[in-house]
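This report describes how two protein chains are built and how they meet. Look at the sequence and the structure first, then read on.

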Amino acid sequence: MERLSQFQIKVIFIFASVILISLSVFSYLRINSLLKSSEMLNHTNIVKLELESIFSRIKDADSEQRGYVLTKDLAYINQFNSTIREIRKRQKRLEMLTSDNYSQQKNLEALNVLIEKRIVHMNAVLKDVKADQTLKIKKERWLVARAIMTGLRQQTDKMVNEEQFLMKLRTKSLVKETALTPLFTISLIIGSILILILSYYGISKELKISNTLKSDLENKNETLDLMNKELESFTYISSHDLQEPLRKIQTFVTRIIDSEFENLSSNSKTYLIKTNESANRMQALIRDLLAYSRLKTEIFPVQITNLRFIVEEVKSTLEEEIHEKNVQVSLSGEKNVKIILSQFRQLLTNLISNSIKFADDSRQLQISIDNKLVKGNETGIKNFNPESSYSKITVSDNGIGFDPEYKDRIFEVFQRLHNDMNYKGTGIGLAIVKKIVENHNGFITADGKIGESATFTIYLPA
Amino acid sequence: MSFQSYIKNIFLTDDDSDDCVLFSEALQELFPNEKANLTITNDGVKLMEALKEKVPPAPEVIFLDLNMPRKNGFECIAEIRNTPKYKNIPIIIFSTSSNNDIVDKTYAHGANYYICKPQSYPLLKKTIAFVLSFDLKKLSQQPLRDKFVINMA
């Protein structure tokens, strides 16, 4: 199955987000322009209404003026004045409504001039009639009035037309602007739905794969658990069941050695002693192998410990051998090490008893332990962080040494450099040492000179 | 060396007949002139039956193996410690195992001492002699954990 990469998933989601964002922007713009066009329509209608109502008021004023001229009733004058006030109000409102439009303002000025003219004319007629109740207005004067009214009508129509034209123009451009929007919106919606469906499939496929992997992993973990349990039962078998018959062999052999030894032939005595030694050796092997296999499973936290404290402990554990061979153990350098206490104690015990085992009997055995702090780049070990600090612990002796050719092999399980029966051992001690160093994420090297010395250098993270 | 005068009855429960023979021979050799009364049973069920039959008087000490058929050592300790008639009898674990978890478990169950079966006959004798040299008071009290395991090697 092909898997979506992290990058592909990112691209899909960025793409979907961009589409959704543009969708929202376009919808917003569209709604905005719809609002604008309805506002414009509204504006145009109001302007139209105002214009019409001004014109009709002027006509009202005109008829009131005529009413006075005919009847001389003062009520007409009052009516006339309030109509004029009304006209002034509407003029002001129109001024405000057209404030955003220069040409309409010009038109309005022209309209206002005409209105002014008409009002002045009407006032003059009224004034003359008031002064002389019998006055007959000449026909020419009425003709002038009519001409002004015609002008007014024309100017009003002009303005209404212009307003309507403007509205058409604006709506047209808006329609042009928004004509594409529905199509675009729909395609965007379809696109984003498609992307959603695609990503649903992609992600569910991804989930399926990861579920498969997860169950695979769980199966493997189960198998691993099972294997671990088998290993544990093997450990138990070797620790208990294998040791049981061995212990019997040892016990019965020693039983004979203890009580029947005198009755045996000298050959039998030798064979029995050898049998006992072999049994003891096998026991040591089982014990060490067990210790080695346990090291893999038990991981403890590290703690900062005084090295002198551990050295003293180890010395008291090995007190008998140290005393017997008159071994001198010296310690120098830094005080503390960062270690898993029980394991490091084992490590040091193995190294020191190794030194004692391979002592040169012609001289006093001297074991020197030194502890130094070094930087990773001084150790020459590739895996170490060059900037970090490491404890460099050296354990060196003046024993029989070894050929440096074997300096790697001595850490392998069951590798023994000496066939001489004088140097008995299981061949696991140094393998345990190496394992412990690895448990500390450290590194160990060995160096030696035949007949002179052996040196073990341990680097541990400090 | 002789038996302390109070030790007359010793129980040994172990399904391994070789170990039973070795134990009784070692005891015989250690104290040839004493009439030690060693009662050997081969599993926990038989131990409980023997206790029912012979107590009182209660044995001075029970040597108890852990890994046995029918009723194992742990069950025996629990049962003995929960029975008023037996609960003060000293129990010494006599097992092949040296596993720390198992030692801890027997200590928690209330065993008095723990012996890991020795690898040689002389050592076996030495260990039995050492344990039987304890006086009654020392034997019946549970020591501190670091003195719990008797190791003569």
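Which residue is the bridge partner of B:Ile115 in E6(B)? The partner is B:Ile150. The model is a predicted one, and the text below takes the sheet of chain B first, then the sheet of chain A, and last the contact between the chains.

**The sheet of chain B**

The pair of B:Ile115 and B:Ile150 belongs to two strands, E5 (residues 113-116) and E6 of chain B, which are joined by two bridges and run parallel. These strands are part of an open sheet of six strands in chain B, and its order is E2-E1-E3-E4-E5-E6. The pairing in this sheet is parallel. At its edges stand strand E2 (37-41) and strand E6 (149-150) of chain B. Each of these two has a single partner strand, so one side of each is left without a neighbour in the sheet.

Helix H1 of chain B packs on this sheet, where H1(B) touches strand E1 (9-13), E2, strand E3 (61-64) and strand E4 (91-95) of chain B. The direction of H1(B) makes about 175 degrees with that of E2(B). Helix H2 of chain B, residues 44-54, lies across E1, E2 and E3 of chain B. The angle between H2(B) and E1(B) is about 160 degrees.

**The sheet of chain A**

Strands of a sheet pair through backbone hydrogen bonds, and the pairing can be parallel or antiparallel. Chain A has an open sheet of five strands with mixed pairing, in the order E2-E4-E5-E7-E6. Its edges are strand E2 (328-333) and strand E6 (443-449) of chain A. Both have a single partner strand, so each is left with one side that has no neighbour in the sheet. On average, neighbouring strands of this sheet are turned by 15 degrees against each other, with direction ignored.

The table lists three strand pairs of chain A, each with one pair of residues.

| Strands | Bridges | Direction | Residue pair |
|---|---|---|---|
| E4(A) and E5(A) | nine bridges | antiparallel | A:Ile367 and A:Asp397 |
| E5(A) and E7(A) | eight bridges | antiparallel | A:Thr394 and A:Thr457 |
| E6(A) and E7(A) | seven bridges | antiparallel | A:Ala446 and A:Phe456 |

E6(A) and E7(A) also form a hairpin, with three residues between the strands. In this hairpin A:Gly451 takes a positive phi near 80 degrees.

Helix H9 of chain A, residues 341-357, lies across E4, E5 and strand E7 (453-461) of chain A. H9(A) runs at about 170 degrees to E7(A). A residue of this helix, A:Arg345, forms a salt bridge with A:Glu313, and the closest N and O atoms are 2.7 Å apart. The salt bridge links distant parts of the chain, as A:Arg345 is in helix H9 of chain A and A:Glu313 is in helix H7 (residues 307-317) of chain A, 32 residues apart. Over all chains, the structure holds 30 salt bridges.

**Where the chains meet**

How many residues of chain B are in contact with chain A? There are 16, and they are in contact with 13 residues of chain A. The two chains bury about 1,400 Å² between them, and 50% of this area is on carbon and sulfur atoms. On the side of chain B, the residues that lose the most area to chain A are B:Thr96, B:Gln119 and B:Tyr121, together 39% of what that side buries.

Side chains of opposite charge can pair when their charged atoms come close. Between chain B and chain A the count is six salt bridges. One of them is formed by B:Asp19 and A:Arg247, with the closest N and O atoms 2.8 Å apart. Across this interface there are also eight residue pairs in polar contact.

Two elements of chain B, helix H1 (17-30) and helix H5 (121-132), give two or more residues to the side that touches chain A. H1(B) gives the most, with five residues. By class, this side of chain B has four nonpolar, five polar and seven charged residues.

Conventions
Residues are numbered from 1 along each chain as its sequence is written. Chains are lettered from A and ligands numbered from 1 in the order in which they are written. This is a predicted model: local features need pLDDT of at least 70, side-chain atom pairs count only at pLDDT 80 or more; totals for chains, interfaces and linings use all residues. Side-chain values use heavy atoms; hydrogens and water are left out. Contact means heavy atoms within 4.5 Å. Buried area is the accessible area (1.4 Å probe) that two parts lose on being put together, summed over both. A salt bridge is a side-chain nitrogen of Lys or Arg within 4 Å of a carboxyl oxygen of Asp or Glu. A polar contact is a pair of N or O atoms within 3.5 Å; within protein, one must be able to donate a hydrogen and the other to accept it, and residues adjacent in sequence count only if both atoms are side-chain atoms. Helices (H or I, at least four residues) and strands (E, at least two) are DSSP runs, numbered from the N terminus. Ala, Val, Leu, Ile, Met, Phe, Trp, Tyr, Cys and Pro count as nonpolar, Asp, Glu, Lys and Arg as charged, and the others, Gly among them, as polar. Two strands pair if DSSP finds at least two bridges between them. Axes are lines fitted to C-alpha atoms, for helices over the stretch in contact, and angles run from 0 to 180 degrees between N-to-C directions.
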